[in-house]
Amino acid sequence: MRITIAGSGAIGSLFATYLSEGGHDIHLWTRGNATQIQRKRDENTQIGFASNSPDRLAESDAVFVAVKAFHVEEVLTELAQYLHPDSPVILTHNGMGTDELAARILPNNPLLFATTTHGSLRLSDSHIRHTGKGQTLVGGLNDSGKRCEFLAEVIHHSLPPCTWSDNVYLALWQKLAINCVINPLTAVHKIKNGELLNKKFSEVISSLSEEITNVMLADGMDSDCDIIRQNALQVAKDTAENYSSMNRDLHFKRRSEVDFITGYLISRANIHGIDVPANLSLWQQIKNLEQSYEK
Ligand code: KPL
């Protein structure tokens with residue numbers, strides 16, 4: 001397949017190298033200089049890619065958009081000038097809330113979301129390390145996207161395992177719940193994920209889990225407070241030595257994804273008239289920290 005990958009960060013580069021090794025013709029749409037990507041894991045791989053060609057973009061059989069949630073609108077607007085309306089577009093990023101933007105900017109394209117637990121670390125513009133083998137789940141966001149199950153097989157062939165989901169929103173909510181608990185707490189307290197297992201965080205984690213459950217239920221998702229809390233603690237345990245992405249964003253004074261993680265939860269809570277004070281307080285603390293960089 002002819003595939004364009006928009007965004008050559010850690011996840012975009014990971015997909016680009018594996019899909020290329022799987023025999024696909026990969027073209028990058030990128031602001032960086034990543035026309036050569038080196039991937040380290042058991043063995044080193046170095047692959048050269050064509051980039052930023054409007055003709056290649058227009059001919060693509062599928063496009064992956066692997067940019068941070070707050071760049072999705074800008075990147076899709078750019079892609080929309082060249083994209084064929086039949087070309088499926090697969091979003092992949094932390095957080096939720098970009099589906100409506102995508103439907104507005106690309107009303108005719110099949111739209112999908114891929115959520116992955118692969119660990120990938122960007123060492124430089126052209127160099128990543130595949131730090132942890134995970135799994136990917138893909139599902140459709142609109143009716144035509146829901147008919148693109150073959151894309152799960154395409155990914156599975158190159159970077160297994162990848163499964164298809166008929167209800168990608170539930171999977172996205174479950175990931176969002178984990179991110180709402182781990183990311184802002186580890187960023188505000190400047191700690192590694194594993195430190196959340198300390199008893200002093202149990203009360204706030206229970207409050208966050210309860211609020212998330214209430215919003216998920218109101219949004220028509222199956223949810224249970226104990227399961228939300230246990231899932232978050234399990235991920236904190238499994239990734240104990242890692243810093244969350246929000247912790248790193250604040251540490252390096254970069255814009256975080258809080259508006260698409262906790263902010264998305266708060267916007268859904270407002271629609272349903274549900275109070276989420278613990279989440280609101282963390283969102284406010286992250287916004288205050290972000291604003292303090294600018295001073
Ligand atoms: O997705 C993550 C992130 O850091 O954004 C978790 C699962 C919390 C792992 O760190």
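Me: Let me start from the convention: a crossing is right-handed if the near helix is turned clockwise from the far one by less than a right angle, and left-handed if anticlockwise. With that in mind, in which sense does α6 pass α7, left-handed or right-handed?

Reply: Right-handed, for α6 passing α7. Keep in mind that this is a predicted model.

Me: Sure. At what angle do the axes of α6 and α7 cross?

Reply: They cross at roughly 150°, and the two axes come within 10 Å. Since angles over 145 degrees count as roughly antiparallel, that makes α6 roughly antiparallel to α7.

Me: And which residues make that contact between α6 and α7?

Reply: From α6 you have Trp173, Ala177, Cys180, Val181 and Leu185, and they meet Val204, Ile205, Leu208, Ser209, Ile212 and Met216 of α7. By class, the contact of α6 with α7 has ten nonpolar residues, one polar and no charged.

Me: Nice. How do α7 and α8 pack?

Reply: Helix α7 (residues 202-218) and helix α8 (residues 225-238) have their axes 8 Å apart, at an angle of about 125°. That makes α7 oblique to α8. The crossing of α7 past α8 is right-handed.

Me: Who's involved there, on α7 and on α8?

Reply: On the α7 side, Ile205, Ser206, Ser209, Glu210, Ile212 and Thr213; on the α8 side, Cys225, Ile228, Arg229 and Ala232. This contact of α7 with α8 divides into five nonpolar, three polar and two charged residues. Looking back, Ile205, Ser209 and Ile212 of α7 are also in the list for the contact with α6.

Me: What about α10 and α11, at what angle do their axes cross?

Reply: For helix α10 (residues 262-272) and helix α11 (residues 277-293), it is roughly 135°, and the axes come within 10 Å. The two helices are therefore oblique to each other. Here α10 passes α11 in a left-handed crossing.

Me: Which residues meet in that pair, α10 with α11?

Reply: Thr262, Gly263, Leu265 and Ile266 in α10 meet Asn279, Leu280, Leu282 and Trp283 in α11. The split is five nonpolar, three polar and no charged.

Me: Switching to the ligand. Which residues surround it?

Reply: Asn94, Ile178, Asn179, Ile182, Asn183, Asn193, Val235, Thr239, Asn242, Ser244 and Ser245. Helix α6 (residues 168-188) gives the largest share of this shell, with four residues.

Me: How does that shell split by class?

Reply: Eight residues of the shell around the ligand are polar and three are nonpolar, with no charged ones.

Me: OK, zooming out. What does the domain assignment give for the chain?

Reply: Domain 1 covers 2-166 and domain 2 covers 169-294. Taken over C-alpha atoms, their centres are 25 Å apart. Each side brings twelve residues to the contact.

Me: Which elements supply the domain 1 side that touches domain 2?

Reply: β8 (111-116) and β11 (136-140) each supply at least two of its residues. That side of domain 1 has five nonpolar residues, six polar and one charged.

Me: Last topic, backbone oddities. What is the peptide bond from Pro160 to Pro161, cis or trans?

Reply: Cis, with omega near -5°. Pro161 sits in the loop between α5 (150-158) and β12 (162-164). As background, most peptide bonds are trans.

Me: And what is the phi of Asn52?

Reply: Asn52 has a positive phi of about 50°, although it is not a glycine. In general, most residues other than glycine have a negative phi.

Me: Where does Asn52 lie?

Reply: You'll find Asn52 in the loop between β5 (50-51) and α2 (54-58).

How values were computed:
Residues numbered from 1 in each chain as written. Predicted model: local features only at pLDDT ≥ 70, side-chain atom pairs only at ≥ 80, totals over all residues. Near = placed C-beta within 6 Å. Nonpolar A, V, L, I, M, F, W, Y, C, P; charged D, E, K, R; others polar. Domains from an automatic or database assignment. Contact = placed C-beta atoms within 7 Å. Axes fitted to C-alpha atoms, helices over the stretch in contact; angles between N-to-C directions. Parallel < 35°, antiparallel > 145°, perpendicular 65-115°, else oblique.
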